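Please keep the sequence and the three-dimensional view side by side while reading. The paragraphs below lead from one strand pairing outwards to the wider fold.

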Amino acid sequence: MRLTKYAHSCLRVEHDGGVLVIDPGMFSDPATALDGADAVLITHQHPDHLDLAAVRLQLDRQPFPIFGPASLAEALGDAAEALRPVDTGESFTAAGVAVRAYGGQHAVIHADIPVVDNLGYLINDVVYHPGDSLVVPDETPVDTLFAPIHAPWSKFSEVVDFIRAVAPRRAYALHDALLNDNGLAVLDRQYAALSGTDYQRLEPGSRVDV
């Protein structure tokens, strides 16, 4: 598989001629990421993971299925006909790629903010994108983890422990668009030192083969 990491939480997966896009949100470059997409995975409904205008525009150009929690239907509005609802623990195929769903809920931001549904996705039994959660895939070794390194709901020590619990061969930074250069430098240094794996942060548009 070839992965392209866009800003924040967006990934593009190319495998055997198929194109699968995960979380084309407003902080990424959704128009570029979605170009030629055969299927889209959405972890949850927040706009930094789902740029609805960009998704609708691409659907008008080239229809594709959208996989995600059933609760996405309301957020998708008139694009909800493209939704293929996914349950926790479900295995399915999207753009010719095997996917397994984990978790079920977004991490708690604050007691006064409603918790929305969130699914993490294990791609081809190799790459794990947890969305906005720290759910560890059970009984499945993960080669490549994309770890959400910063968010209103996160705590550095908990993210470090999450990476250690998943124990991937390598980890890449995810969910980092709210950080300036100072914050990125501090967190990159600390995660590299403490995560217990080969940790890196990819610049938007970077490609890696897995």
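Which residue in β11 does Val127 stand opposite? The model examined here is a predicted one, and in it the partner of Val127 is Thr144. Val127 lies in strand β10, which spans residues 127–129, while β11 covers residues 144–148. These two strands run parallel and are joined by 2 bridges.

The pairing of β10 with β11 belongs to a wider arrangement. Seven strands form an open sheet in the order β7-β8-β9-β10-β11-β12-β13, and the pairing within the sheet is mixed. At its edges stand β7 and β13 (residues 198–200), each of which pairs on one side only. From one strand to the next, the twist averages 25°.

The edge strand β7 repays a closer look. Across residues 91–94 its side chains alternate: Phe92 and Ala94 point to one face and are buried, whereas Ser91 and Thr93 point to the other face and are not. Its neighbour β8 (residues 97–105) runs antiparallel to β7, and 4 bridges join the two. Within this pairing, Ser91 is found opposite Arg100 of β8. The two strands make a hairpin with 2 residues between them, and in the turn Ala95 has a positive phi of about 55°.

Attention may now pass to the helix that accompanies the sheet. Helix α4 lies across β10, β11 and β12, and its direction is at about 165° to that of β11. Which residues of α4 are buried? In this helix, residues 156–166, they are Val159, Val160, Phe162, Ile163 and Val166. These residues are on the same side of α4, because they cover an arc of only 160° around the axis. A general property of helices is helpful here: an α-helix has 3.6 residues a turn, so residues three or four places apart point the same way. The buried residues of α4 pack against β10, β11, β12 (170–174) and also helix α5 (181–194). After α4 comes Ala167, whose phi is positive, near 55°.

Helix α2, residues 52–61, can be read in a similar manner. Here Leu52, Ala54, Val55, Gln58 and Leu59 are buried. They too lie on the same side of their helix, since the arc they cover around the axis is only 160°. Ala53, Asp60 and Arg61, on the other side of α2, are exposed. The partners against which the buried residues of α2 pack are α1 (30–34), β5 (66–68) and α3 (72–76).

Aromatic rings provide a further set of contacts. The whole structure contains 6 aromatic pairs. One of them is formed by Tyr102 and Tyr128, in an edge-to-face arrangement with 6.0 Å centre to centre and 85° between the planes. This pair links distant parts of the chain, as Tyr102 belongs to strand β8 and Tyr128 to strand β10, 26 residues apart. Both of these tyrosines are buried. Another pair, Tyr191 with Tyr199, is tilted, at 5.5 Å centre to centre and 35° between the planes. Tyr191 and Tyr199 are likewise buried. In addition, Phe67, Phe92 and Tyr121 are linked by ring pairs into a cluster.

Finally, a database record may be set beside the model. In an unreviewed entry, UniProt lists residues 7–175 as "domain: Metallo-beta-lactamase". Over that range the chain is 18% helix and 31% strand, with the end C-alpha atoms 8 Å apart.

Methods: Residues numbered from 1 in each chain as written. Predicted model: local features only at pLDDT ≥ 70, side-chain atom pairs only at ≥ 80, totals over all residues. Heavy atoms only, no water. Buried < 20%, exposed > 50% of the residue type's maximum accessible area, 1.4 Å probe, protein only. Arc of directions from axis to C-beta. Contact = heavy atoms within 4.5 Å. UniProt positions renumbered as here; feature names shortened; annotations may be inferred. Pairing = 2+ DSSP bridges. Axes fitted to C-alpha atoms, helices over the stretch in contact; angles between N-to-C directions. Phe/Tyr/Trp six-rings, centres within 6.5 Å; stacked < 30°, edge-to-face > 60°.
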